[in-house]
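Work through the exercises below with the coordinates open. Each task is followed by its solution in steps.

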Amino acid sequence: MSKFWNSERSPRGLFWRVSPWYATFVVGLGITVDLLAYSVIIPVLPYELEKLGYTNVSGKLGWLVFAFSGGLVISTIPSAMFSEKYQSRWLPLLLGNLILIASQVVFMEVKQYSVMLGARFLQGISSSMIWVPGLALLADQTPQPILGRQLGIAMSGVTIGLLLGPSVAGTLYDRFGYRGPFVFSIVFAFVDLLARLIMLDRKVALKYGYDPKAGSVAESVSSNETSEKKAAEEAKMTALREISLLKVLWIMITSKRTLVASFVTLVIGTAYSAIEPAITLYLYDEYHQSAKKVGLIFLASVVPTLFSGPLLGLLTDKWGPALTVVLSVSLAIPWWIIVTIKKGLPLFIVSFAFESFFTSGTLGPVTAELASIAEKKGIGYAHVYASFNLAYGIGTAIGPVIGGQIYDNLSNGWAVICYISAGLLGLTLVLTVFYSEDVPLAQRFFHGKVVKVDSDVEQPSNLVV
């Protein structure tokens with residue numbers, strides 16, 4: 001042990017640079033910056049597009065979100081395969097950050113709508129390179145008993161980003177003009193870049209006999225077990241490097257657990273993004289709110305959701321992901337209905353806050369379920385988180401288009417969007433009860449039988465590319 005600590009070859013600060021808490025910080029910060037850059041245009045772009053002379057603004061906002069999702073979907077699988085083949089999370093995370101900064105600069109400077117679409121597409125590519133390797137990094141370096149908690153904390157970045165982006169965008173737009181919100185997001189992206197330059201991959205720590213996933217120094221450098229653990233880890237990494245894309249896809253599409261977790265993610269992405277092109281216009285049409293006031297409404301509504309990720313993450317470690325998802329979705333659905341009631345702005349703010357609290361908190365348990373699937377199926381964390389990213393990307397691709405068209409063409413468009421979202425969440429509730437976790441809730445509570453969800457699926461060994 002003393003030899004390890006005094007090793008001249010080991011990087012400075014190795015222990016804290018690969019620790020679960022620093023990984024949680026880096027991943028959480030990355031998610032925050034990604035969602036900040038994504039949402040910073042929500043309150044201001046409708047006004048800017050109208051100022052530039054564009055019509056059918058809600059529809060155009062929907063296509064901008066679609067362009068983002070297109071870039072995300074196209075780049076997700078390459079990001080995952082690269083991350084697992086080379087067992088590198090650091091490099092794709094770094095490249096993703098640089099692409100994000102470039103896309104924000106382009107979006108800030110252009111006036112042509114077609115170029116805006118291109119910048120948003122680039123931002124989608126950067127998002128996949130932040131989420132897939134980032135979540136895989138956190139699963140790599142976190143002991144299993146606390147993985148749900150750490151994922152929940154990191155996923156709070158979704159809320160923080162969505163909170164900061166719209167809430168400051170209106171004020172910065174009024175004070176500094178169109179460039180103000182973009183400069184704000186670019187500054188945060190540079191801070192994120194510094195944090196990623198400091199972090200180290202787990203494979204670097206393993207070279208020096210330390211495994212952050214083991215949970216303690218003494219456990220990871222035991223003289224009798226180090227060589228065996230290192231050999232087993234090297235064998236696992238070799239298998240992950242050699243696994244083909246076709247085999248990964250086969251394993252995931254034949255796993256009911258993976259399909260249900262991906263569907264839950266798809267629904268959350270669709271529900272959230274469907275309201276994005278409509279909410280600013282709805283608050284203006286119904287309550288006559290300016291861009292600045294819309295930002296403040298976002299702030300008041302989303303602050304409580306800062307606590308949903310960590311709280312539901314702790315419940316995931318204690319109860320398991322299935323029961324936690326059922327609880328959060330069951331409590332979210334009523335608020336999707338209440339938010340459509342036109343009884344004044346205070347009711348809207350309160351109902352939107354509870355809706356966001358319970359809906360956003362569902363993502364943490366879903367990511368924990370996917371990590372469990374990866375362990376059982378013998379595939380990489382980046383592989384399962386690619387399915388998460390694809391599902392979320394598809395949801396955020398179709399959601400804004402549907403939401404924008406509904407709001408533009410129906411007099412009660414806001415209510416229709418929320419009712420559809422509530423119905424889809426109800427469907428995820430049923431599927432989670434019957435198909436999530438190795439032994440589903442339905443088996444445990446209704447039949448008392450232990451029937452494993454994916455136990456009857458064989459994985460062909462001859463699938464190669």
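**Exercise 1.** Classify the packing of α17 and α19 from the angle between their axes.

Solution. Helix α17 covers residues 321-338, and it packs with α19 at an angle of about 160°, with the axes 9 Å apart. Helices here are DSSP runs of H or I with at least four residues, strands are runs of E with at least two, and both are numbered from the N terminus. The axes are lines fitted to C-alpha atoms, for helices over the stretch in contact, and the angles run from 0 to 180 degrees between N-to-C directions. Angles under 35 degrees count as roughly parallel, over 145 as roughly antiparallel, 65 to 115 as roughly perpendicular, and the rest as oblique. α17 and α19 are therefore roughly antiparallel to each other. Their crossing is left-handed, a label used if the near helix is turned anticlockwise from the far one by less than a right angle, with right-handed used if clockwise.

The model is predicted: local features need pLDDT of at least 70 and side-chain atom pairs count only at pLDDT 80 or more, while totals for chains, interfaces and linings use all residues. Residues are numbered from 1 along each chain as its sequence is written, and side-chain values use heavy atoms, with hydrogens and water left out.

**Exercise 2.** Repeat the classification for α8 and α19.

Solution. Helix α8 spans residues 147-176 and helix α19 spans residues 363-377. Their axes are 8 Å apart, and the packing angle is about 135°. α8 and α19 are therefore oblique to each other. The crossing in which α8 passes α19 is right-handed.

**Exercise 3.** Which parts does the salt bridge between Lys376 and Asp438 tie together?

Solution. A salt bridge requires a side-chain nitrogen of Lys or Arg within 4 Å of a carboxyl oxygen of Asp or Glu. The side chains of Lys376 and Asp438 meet in such a bridge, with an N to O distance of 2.7 Å. Lys376 lies in helix α19 and Asp438 in the loop between α21 and α22 (441-447), so the pair ties together parts that are 62 residues apart in sequence. For accessibility, buried means under 20% relative accessible area, exposed over 50%, and partly exposed in between (1.4 Å probe, protein chains only). Lys376 counts as partly exposed at 37%, and Asp438 counts as partly exposed at 22%.

The loop between α21 and α22 also holds Glu437. Phi of Glu437 is near 70°, a positive value in a residue other than glycine. Most residues other than glycine have a negative phi. Glu437 is buried, with a relative accessible area of 14%.

**Exercise 4.** Are Arg196 and Asp192 buried or exposed?

Solution. Start with the contact: Arg196 forms a salt bridge with Asp192, and the closest N and O atoms are 2.4 Å apart. The two residues are 4 residues apart in helix α9 (residues 179-198), which means that about one helical turn separates them. Arg196 has 1% relative accessibility and counts as buried. Asp192 has 0% and counts as buried.

Arg202 and Asp211 give another pair, bridged at 2.8 Å, N to O. Arg202 and Asp211 are both buried. Glu48, Lys51 and Lys111 are linked in a network of salt bridges. The count of salt bridges comes to 11.

**Exercise 5.** Which residues make the nonpolar surface patch of about 430 Å²?

Solution. Patches are made of residues with over 30% relative accessible area and no salt bridge; like charges are joined within 9 Å and nonpolar side chains (Val, Leu, Ile, Met, Phe, Trp, Tyr) within 5 Å. Accessible areas come from the Shrake-Rupley method with a 1.4 Å probe, and for residues only the protein chains shown count as cover. The patch is made by Phe82, Tyr86, Leu91, Leu95 and Leu98. Helix α6 (residues 90-109) gives the most to it, with 3 residues. Phe82 is found in helix α5 (residues 57-85) and counts as partly exposed at 32% relative accessibility.

**Exercise 6.** How many residues apart in sequence are Ala278 and Gly59?

Solution. Ala278 lies in helix α14 (residues 256-287) and is buried, with a relative accessible area of 0%. Ala278 and Gly59 are 219 residues apart in sequence, and their C-alpha atoms are 9.4 Å apart in space.
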